[in-house]
Amino acid sequence: MRRSNKPPRHHSSISKTGKTGTGRRRRAPGSGQPALRSAVAFESLELRQLMATVNVNDYGATPNDGRDDSAAINAAIRASGAGDIIQFGNGIYTIGEDLEARGEGRIYQGSGNTTLQATRGYIFHVAVDNATFRNLILDGPGIQLERAGGGMNSNIVIDNNEFRVRSYRAPNGSWWWNGVEFTTGLRNSQITNNRFTSIAGDNGIFGYYWDNLRIANNEFLNGNEGIHVIDHSDNSRNLLIEQNYFAYLRRMGIEYQGGGHNTIIQDNFYEKPVMSGNFHDNDSTFAYSIIADRSVGTIVRRNTSIAPERPDGTGVRVIFEIGGDNALIEDNYSVGGNHVVAANDFLGSTSVLVRNNRFVGYRIGPSGRNLTSINNGPDVQLTWDINRGRPGPNRRFGGTGADNNPPVGEPTDPTTPKPTVVAPARLQAILTDSGSVLLSWRDQSADEQGFKIERSGDGGATWEQIATVSANRNSYVTAAQSLGIKRVYSYRVRSYNANGDSAYTNVATPVPIGVRRVQGVTYLSDLRWTKMVNHPGQGSAERDRSNGELFDGDGRIISLRGRTYEKGIGVHAGSEIRYALDGKYTTFLADIGLDDETAGAGSVIFEVWADGARLYSSGVVNGSDPIQSVNVNVSGKRELVLIVRDNGSDFWDHADWANARLVRAISSPRPVEPRPDPQPNPGGDPTDGVEPPPVVPIEGSVYLSDIRWQRVHGEAELDRSSGTIMSSTDGGVITLNGTRYAKGLGVHSTSRILYNLDGKYSTFISDIGLDDAVGRLGSVVFQVWADGAKLYDSGRMTGASATKTISIDVAGKKQMWLVVDRGGDDRHSDQANWAGARLTLARKTVAAAPRPTGGENRPAPTPAPTRPTAPAGGSDVTYLSHLPIVNQTNTRGPVEIDSSVGQVGIDDGRTITLNGVRYTRGIGTHSDSKLVYNLAGQYTTFITDLGIDDEVGNRGSVVFEIWTDGTRVFDSGRVTGASATQTAVVNVAGKSQLWLVVRSAGDGYDSDHADWAGARLLKAA
């Protein structure tokens, strides 16, 4: 036998009940380890099988003393074996560094009153499979699950814990927000019976991607938002969110975005939202936001929402927001709220069935794109008892405990309707001069018996069948109605045969024809505005429609005092729209008033401005006032501004500029000075009529706009910004912070573009940001994915953000996704640019230099450094942050370009800083790391400052090494956080490869944030 050199695991008092008696050990003098018992520890298999529990107190973790216990707890974790319980005694443990959880069946377990209190970052970092967390109180950002190389964490159980969700901002500027966060996905896992309280961060649970994930019987109380899950891959499947309880939240109970298959959201309970008397403070207060645009087969059933609160006069903005294909909302119970069901899916196809729900006390009924509503109302009989109580931790309907079965006696899953015949497509509706509606569609089936035509007079809440036509028809004309009648119908069509009905076409609302085109008259709705601001939360200003409030294109035909208008602009009070006149027009004409859809409500003031002067003011206009006609002289004016102000309240302020038009000057006006670029704005295009800069070919590169994408979701334009309407050519010149780009991609959130790379390229390069057309508005997140792994995340960017330049290694990758997602709010003004986006062609790989060994001579120590200047005689400087990294390794998180290492995700570092000096260029790494660059003999000198970043204080210790073609040419010696900055100047003339190596100085990896500051290569002039 041999004596162990490490502390034995605590196993001395395992009782038959499985409970442990855990007397605290004394620490050995001068060490962080507990003293050994006098008994000899044996490393026999028989003994290991008994070592079922490892107590963190035995490794020096001492609760309630205020000292950092993370090192001791990590030591206990490292000492544990597969299947062991890592036991925490009662008390408060201070966690100053991530606890690096290990898997293989390990269980992390509290003792009933165990609190882990974060002072930085997440408490647990989980990059493994097969781990369980239970009976813990996690105070701060709780558990982060991710795999550095991509792929899902599997077999994770998070059960019976309490999360006190406080946000934390790290010294590098990064934020940790959530109770549980999974960033690369969860497979065959469950998050059950937990309490999420005081959600002062972002969400109780936040995550991307899943494959058989169950989130059940949790409680979310007091704070921001409950559950937020996202799928950008369209491959997630089998998500069950059931029997959770949500109360006292400001935002959403459940928010589900993106794609996914076979999602079930059932038996959840939402109540007591936190609302303000200020209307727009509540814009994101939803009960269940299931707006998964690309999902298939989502089922939402037996959920409850009790939200009669209306401090702003409206209440919870939406109870059920829904999207996706073949989505079903059935057998739910709701009291109160503004819009009870809103189908807000405008990406690709969508179909939503809302049936047999008890909805009470709402303002707006079920409506939206391709929504069918059947038997919904206050008297609908449900299949379950609405007085059954509230679910939550260890409280299940129809049973007790954490059983996976549905509650006893519940009905079986309803079958989602599936079409048995191919649906028609591309329905159009045109209002003729006689008042009839001409419907036309594309017949896509070879075996239909005919087509059923339905219409809705209440915005899609209810539908009636008005006709059937025979097979092979592709048009139908409705009966005529008086053009003076305000009733506006929407239409949809589906095919049928003996096997049943198809899915529906898109919903079409008639567009009037026969607009009289008068020579010299231009309607504003046919012009591009240069600036458009509508009241936040009220959708976009609408062309030839009234303002619909919720989303673009949801307005109706403009109507003032019973008179309908084929042309005009519909807005909401708090709006401003600008047009460039450039002296081309003499007169502005319009009828103005509050639209008839307000039923007499609302009170506003209309104003017309030109070149900074107010030319017209309507005075107060109320909802029942007569139509006013505006006739304003704009001769010689360069800019027209239409403003609508509220009159003390912004409720139902749907204002119309009806028949708004400009009369063109008869003779050509004398030339005017070129107008300055208009102020950036949403929906406008400040580059209208401006030519883009010339295209500059880049040797060895190909622009993305010159190659065919494999797939696209959402709006995308080639070499243009994203326009304001669904058209492939309505965008302007791509412009970021005043810089115009001839090449690039213009998109709008949410968008995803797939390119096949087939290993042909080495680097993806692009400037990114929101187009200048939106001004300071809009908020998005840019992401780059390749072969299923996220390579880049920009974080939240707004119209006020600086342009970011990204350079991503895609060597060997087969596919690349470019993703733009919402920045946490709505989609308005999210006109995002991949400016100058290009791929660098892969070149023949330079043979790798031999792996460094320890045998080379160490160069003489570097003298006390001063910041180097460019060599006399002139030189060409290339920063390493502009070059592709041929090969890289980094112990914690990715290597960062032009920022310090953040340890967790891409772009989570902050400005590189060494001893108070800030660097805008450089490479941030963490020991142990290696970076390889191809030089190809093109450079003469490599220069860099180096040291440990100020963000870790005096902590950390590393050794920097520089290698060229297999030979070590620089060694810094031991560098700590307290060391002076060193400067390395290395001759690289004729060299093929440069290696930058950072090694741990032998005392672990904590705080080893190593910077290659200002790292650059000089090329002879």
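Colleague: Where does N915 lie in this structure?

Modeller: In this predicted model, N915 is placed in the loop that runs between strand 73 (912-914) and strand 74 (917-919), and its phi is near 50°, a positive value in a residue other than glycine.

Colleague: Why is N915 called partly exposed?

Modeller: The relative accessible area of N915 is 44%, and since buried means under 20% and exposed means over 50%, this value falls in between, so N915 counts as partly exposed.

Colleague: What makes K272 partly exposed?

Modeller: K272 has a relative accessible area of 30%, which also lies between the cut-offs of 20% and 50%, and therefore the term partly exposed applies. K272 sits in the loop between strand 24 (269-271) and strand 25 (286-290), and has a positive phi of about 50° although it is not a glycine.

Colleague: How do you know that strand 78 and strand 79 pair, and in which sense?

Modeller: Two strands pair if at least two bridges are found between them, and strand 78 (residues 957-964) shares 7 bridges with strand 79, so the two count as paired, in the antiparallel sense. As for single residues, T964 has T967 in strand 79 as its bridge partner.

Colleague: Which strands stand at the edges of the sheet, and why?

Modeller: The open sheet is formed by 5 strands in the order 71-76-81-78-79, with antiparallel pairing. Strand 71 (887-890) and strand 79 (967-976) each have a single partner strand, so one side of each is left without a neighbour in the sheet, and these two stand at its edges.

Technical notes: Residues numbered from 1 in each chain as written. Predicted model: local features only at pLDDT ≥ 70, side-chain atom pairs only at ≥ 80, totals over all residues. Heavy atoms only, no water. Helix = DSSP H or I, 4+ residues; strand = E, 2+ residues; numbered from the N terminus. Buried < 20%, exposed > 50% of the residue type's maximum accessible area, 1.4 Å probe, protein only.
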